[in-house]
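Hi,

Here is the model I promised to pass along. Have a look at it first, and my notes follow underneath.

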Amino acid sequence: MNDLSSKFSKAGLPVPEQVLIIDTETTDLEHKQGQVVEIGAILYSVKHKTTIQQFSTVLQANSNPTEHFNRINPTALSEMKVKQATWGVSIVTAMAEQGDFIVAHNAKFHKNWFGSFENGSSTLPVLLSSKGEPLSWLCTNEDFSWPRQPKYGRSLISLAVAHDIAVFEPHRALSQCRLIADLFNRMENLQAIFEKALRPKGIFRALVDYKNRELAKSAGFTWNSDQKIWHRKMAIEDVKELPFPVELLALCNDRAMPQQQLK
């Protein structure tokens with residue numbers, strides 16, 4: 001491991017006292033085409049390993065093409081008053097102000113729905129800290145390492161089942177949040193789990209040829225068909241454990257990095 005990897009390996013952030021666990025149910029996988037029809041949120045104490053508050057709300061929508069998946073009655077969405085939906089979103093934003101980070105499974109997907117665009121009749125704001133600054137997001141799929149880690153990139157349900165957690169109403173927002181809270185509850189040393197999750201990370205390209213592509217795939221790298229590369233977000237410190245060389249493309253704060261080989 002070269003000097004760059006050594007520089008960042010011990011530069012993790014302080015472990016948060018509280019986090020806001022978030023999940024959304026949506027009408028489409030693309031945030032520019034669909035909308036959020038339900039938000040679930042749990043304010044969780046990392047310090048005490050317990051749920052502090054939990055809340056969920058559906059939002060106004062004219063239809064629910066994913067009803068077969070989330071089981072949310074479209075009539076309930078179409079009859080939802082804007083005032084009710086706005087109040088529900090305000091509760092979530094107030095809960096966010098009490099957290100140090102946001103945690104979600106496949107965080108990038110959920111984060112995309114919060115911003116300056118219209119979600120039906122409700123605007124979903126960026127979730128801010130008590131200081132009015134955007135909260136950073138942690139992903140239970142990409143950032144955390146679990147004692148019974150299933151294959152990289154698996155669903156939250158797979159992760160829960162691997163840790164003997166019962167699954168109920170698997171595609172409702174608050175139920176998904178509770179699975180994450182239950183995962184945290186099961187950890188013997190949750191502080192250490194967060195310390196590892198908060199280590200500096202980068203986007204890496206696997207330097208493998210076609211015949212060794214399975215090595216990259218097994219290590220959690222995914223194929224980008226546009227760029228024709230195997231890539232993955234991972235802790236810089238963990239690069240030394242890979243059985244093949246990689247190239248650092250960018251840090252996870254999206255600052256461009258000079259291309260260089262770390263191994």
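Let me start with one side chain, bearing in mind that this is a predicted model. Phe 114 is in contact with Ile 22, Thr 24, Ile 39, Leu 124, Pro 125, Val 126, Leu 127 and Trp 137, leaving aside residues up to four places away in sequence. Phe 114 belongs to the largest nonpolar core, which has 29 residues. Among the residues with the most contacts inside that core are also Leu 20, Ile 22, Ile 39, Leu 124, Leu 127 and Trp 137. Two or more residues of this core come from each of β1 (18-26), β2 (36-45), β3 (50-58), α4 (82-96), β4 (101-104) and β7 (137-139). Another core, of 27 residues, lies apart from it and includes Tyr 44, Leu 183, Leu 190 and Phe 194. As a reminder, nonpolar side chains tend to be buried together in soluble globular proteins.

Now to the sheet. How are its 5 strands ordered? The order is β3-β2-β1-β4-β7, in an open sheet with mixed pairing. β3 and β7 are the edge strands, each with a single partner, so one side of each has no neighbour in the sheet. From one strand to the next, the twist averages 25°.

Between β1 and β4, which run parallel, there are 3 bridges; Ile 21 has Val 103 in β4 as its bridge partner. Helix α7 (residues 173-186) packs on the sheet and touches β1, β2, β3 and β4. The direction of α7 makes about 25° with that of β2.

Happy browsing, and best wishes!

Conventions:
Residues are numbered from 1 along each chain as its sequence is written. This is a predicted model: local features need pLDDT of at least 70, side-chain atom pairs count only at pLDDT 80 or more; totals for chains, interfaces and linings use all residues. Side-chain values use heavy atoms; hydrogens and water are left out. A nonpolar core is a set of buried Ala, Val, Leu, Ile, Met, Phe, Trp, Tyr and Cys residues joined through side-chain atoms within 4.5 Å. Buried means under 20% relative accessible area, exposed over 50%, partly exposed in between (1.4 Å probe, protein chains only). Helices (H or I, at least four residues) and strands (E, at least two) are DSSP runs, numbered from the N terminus. Contact means heavy atoms within 4.5 Å. Two strands pair if DSSP finds at least two bridges between them. Axes are lines fitted to C-alpha atoms, for helices over the stretch in contact, and angles run from 0 to 180 degrees between N-to-C directions.
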